[in-house]
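Visitor: I've got a protein to look at and plenty of "how do you know?" questions. Can you walk me through it?
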Amino acid sequence: MKLEKEYRNVSMDRIRTDVAKTIVEEVLKGPNTESLKTTIPKGTKLNSVITNGKTVTVDLSKEFEENQNLSEADSLLAIYSIVNSLTEITEIEEVKFLIDGKQREKYKEQFDFDKPFYRGI
């Protein structure tokens, strides 16, 4: 599996209110295109999105971590589906993650989760 771009039509009101939050909400919904598969674990909820300068911190529910029985590559796709979507915004350079408001050292014991992620794969 690899990441594919998918464009969405969303209301200007949502974008004006909080473009970063709107982007993450759309990623969590999964793809609209039948040939694409979701990268986000089932049941994952968005707790908050906080933008501070060039950094966005995304706080997701525990399901993002717990409801995932994926390979290392698929776990990386879940992370970067959010990171790459947010860094489409010119002003955003890095993305940090929290799980239920808490910083984790590792994600699925595979990735450093206490450091920011930059646009990638």
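Guide: Sure, let's start with charge. The protein chain carries 19 positive and 22 negative side chains, and the centres of the two sets are 2 Å apart.

Visitor: What makes a side chain positive or negative here, and where is each charge placed?

Guide: Lys and Arg count as positive, Asp and Glu as negative, while His and the chain ends are not counted. Each charge is placed at NZ of Lys, CZ of Arg, CG of Asp or CD of Glu.

Visitor: What kind of model is this, and what are the ground rules?

Guide: This is a predicted model: local features need pLDDT of at least 70, side-chain atom pairs count only at pLDDT 80 or more, and totals for chains, interfaces and linings use all residues. Residues are numbered from 1 along each chain as its sequence is written, and side-chain values use heavy atoms, leaving out hydrogens and water.

Visitor: How do you know how confident the predictor is?

Guide: By pLDDT, the predictor's confidence in each residue, from 0 to 100. The protein chain has a mean of 87, with 96% of its residues at 70 or more.

Visitor: What makes something a helix or a strand?

Guide: They're DSSP runs, numbered from the N terminus: helices are H or I with at least four residues, strands are E with at least two. The protein chain has 3 helices and 6 strands.

Visitor: Why is the chain called as compact as a globular protein of its length?

Guide: Its radius of gyration is 13 Å, close to the 14 Å that the globule rule gives for 121 residues, so the description fits. The radius is taken over C-alpha atoms, and the rule is 2.2 Å times the number of residues to the power 0.38.

Visitor: Why is isoleucine 82 called buried?

Guide: Buried means under 20% relative accessible area, exposed over 50%, and partly exposed in between (1.4 Å probe, protein chains only). Isoleucine 82 has 0% relative accessibility, so it counts as buried. You'll find isoleucine 82 in helix 3 (residues 72-86).

Visitor: And why is glutamate 25 called partly exposed?

Guide: Its relative accessibility is 26%, so glutamate 25 lands in that middle class. Glutamate 25 sits in helix 1 (residues 12-29).

Visitor: How do you know what each of them touches?

Guide: Contact means heavy atoms within 4.5 Å. Not counting residues up to four places away in sequence, isoleucine 82 touches Val24, Val27, Ile40, Val58, Leu60, Phe64 and Phe97. Leaving aside neighbours within four places, glutamate 25 is in contact with Arg14 and Leu46.
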